[in-house]
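Trainee: I should like a close look at a single part of this structure, with its strands and the helices placed against them. Please set out how that part is built and then relate it to the rest of the chain.

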Amino acid sequence: MRTLEGIVVLDLSRLMAGPYAAMALAQYGARVIKIEALAGEEGRGFGPPFCGEVAALFMQTNRGKQSLALDFRKPAGREVLERLVARADVLIHSFRPDFAERAKLRYEDLAPLNPRLIHYTVTAYGSDSPYRLKPAVDSVVQGMAGGFYGAGEEDDPPIRNSLPVVDVASGMCGAMGVLAALLERSKSGTGQKVELALIDTMFNFLGSKIAEAALGGKVSREINPPIVAPSRHFAGADDRWFTVSVINDAAFERLCAVIDRPDWATAPQYRDNAARIRNRPLLLPALASIFRTRPAREWLEAFERADIPAGPVNTVPEMLADPALQARLAFQSGVDNLPMPEVPVYLSRGQHRAAELQRAPGLGEHSAEVLDFAGYSAERIQALAETGVIRLGGPPRLHDLPSSSPETENQ
């Protein structure tokens, strides 16, 4: 039995932060119904890369879900939504507060229909913030929080982290919050409002920088932060890069043995981590020169023998070529050319693996099935389709040529 078996989640969210949380709940066994506009969520077209007609990112963050294409702005569509809310355990949305108010999607609007409902919203800056109506996405939040100055060196222009770190981390935290609310409901018997603000997720990444600024010190900006030394990437004699990190004095002593400089272990300028940080302008160039004398592979083998954290600096294709690393990824039936990351928390029981889940749904693929669950007859379902309240669809085409073009892919 899966941990969340019997739990019904309505996922009205879009793009990544909300859908990731819903996908994680599906992996723990929940039935997740993705409610999309009749034209489909715009995330279906976010790419390249594409799997046939569907964005690869959409395939990854919407696996294990059912798709209901519904226009809940129409009275008959609102009736469908309310029937589902009455049967659901969790509702997730990422609409701005003004739209949620107009569409009557707030907790206070829906709780009367189902007092046990867990109502989870993803906002950019918080529903009670003066910035509550500002539109924002991952990159905007990174920039506004100061994150563009958390990478690079002192004289570099602002650098955006192109990885969707805010969205993915928010998805993980959102799933955690929903699980906590479900646990609390098992004790109190009632649902509650749960909210995550993307800006708060980014603040957690910036904790050390916030502390530096608040305590009056200089906010450091460098690729390798001055927490432990040495901790950075170097090039070997073959121009291959590797990264090595020394986290305590014992590890530094072992490093000194590997590079044949045992005298450094007791030298005043390197005797402890604080001294090594102060003297990084001496230490790091000296190490860089030493590491240029042997190929990266030889250094990595020596570090492994010495039990020092180190690894190659791979490109993504190089990572995929490593059998041990690729084995951590999942391949779903029907999407067997797309490696997918697993949700990174594994239960010994009660959890689906990603490969066991149904691939992400086609638009409206499960509309009839979901309406049957909501108590609608086949005749009524057909009538709703004919009047444009729902859309009946089928599986996505996944093996066509990519649907993007150089003219449109960055718009």
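Mentor: Helix H13, residues 296-305, lies across S10 and S11 and runs at about 25 degrees to S10. The model is a predicted one, and the part to examine is the sheet beneath this helix. That sheet is open and has 3 strands in the order S9-S10-S11, with antiparallel pairing. S9 and S11 are its edge strands, each pairing on one side only. On average, neighbouring strands here are turned by 20 degrees against each other when direction is ignored. A second helix, H12 (residues 280-291), lies across S9 and S10, at about 35 degrees to S9.

The pairings can now be followed strand by strand. Strand S9 (residues 231-235) and strand S10 (residues 241-245) run antiparallel and are joined by 5 bridges. Ser231 stands opposite Ser245 of S10, and Ala235 has Trp241 as its bridge partner in S10. The two strands form a hairpin with 5 residues between them, and in the turn Asp239 has a positive phi of about 65 degrees. S10 also pairs with strand S11 (residues 310-312), again in the antiparallel sense, over 3 bridges. In this pairing Val244 stands opposite Ala310 of S11. In general terms, strands of a sheet pair through backbone hydrogen bonds, either parallel or antiparallel.

Another hairpin is formed by S12 and S13, with 2 residues between the strands; Gly334 in its turn has a positive phi of about 90 degrees. Strand S12 covers residues 330-332 and strand S13 residues 335-340, and their antiparallel pairing extends over 2 bridges. Ala330 has Met340 of S13 as its bridge partner.

The chain also contains an open sheet of 7 strands with mixed pairing, in the order S8-S7-S6-S1-S2-S5-S14. S8 and strand S14 (390-391) stand at the edges with a single partner strand each, so one side of each has no neighbour in the sheet. S7 and S8 pair in the parallel sense over 6 bridges, with Thr123 opposite Ala197 of S8. H7 packs on this sheet, touching S6, S7 and S8, and its direction makes about 165 degrees with that of S8.

Helix H3 lies across strands S1 (8-11), S2 (31-36), S5 (65-70) and S6, running at about 150 degrees to S5. H3 comprises 13 residues, 75-87, and reaches 19 Å from its first C-alpha to its last, close to the expected 18 Å. Its buried residues are Gly77, Arg78, Val80, Leu81, Leu84 and Val85. Seen down the axis of H3, these buried residues fall within an arc of 155 degrees, so they line one face of the helix.

Side-chain packing completes the picture. The largest nonpolar core has 36 residues, and Val9, Leu25, Val90 and Tyr120 have the most contacts inside it. Among the elements that give two or more residues to this core are helix H1 (17-27), strand S6 (90-93), strand S7 (118-123) and helix H7 (165-188). H1 supplies the largest share, 8 residues. Leaving aside its neighbours within four places in sequence, Leu25 is in contact with Leu4, Val9, Ala30, Ile92, Ala175, Val178 and Leu179. Apart from this core lies another, of 28 residues, including Phe72, Leu81, Phe95 and Ala100.

Terms used: Residues numbered from 1 in each chain as written. Predicted model: local features only at pLDDT ≥ 70, side-chain atom pairs only at ≥ 80, totals over all residues. Heavy atoms only, no water. Pairing = 2+ DSSP bridges. Helix = DSSP H or I, 4+ residues; strand = E, 2+ residues; numbered from the N terminus. Expected span 1.5 Å × (residues − 1). Buried < 20%, exposed > 50% of the residue type's maximum accessible area, 1.4 Å probe, protein only. Arc of directions from axis to C-beta. Core = buried A, V, L, I, M, F, W, Y, C linked by side-chain atoms within 4.5 Å. Contact = heavy atoms within 4.5 Å. Axes fitted to C-alpha atoms, helices over the stretch in contact; angles between N-to-C directions.
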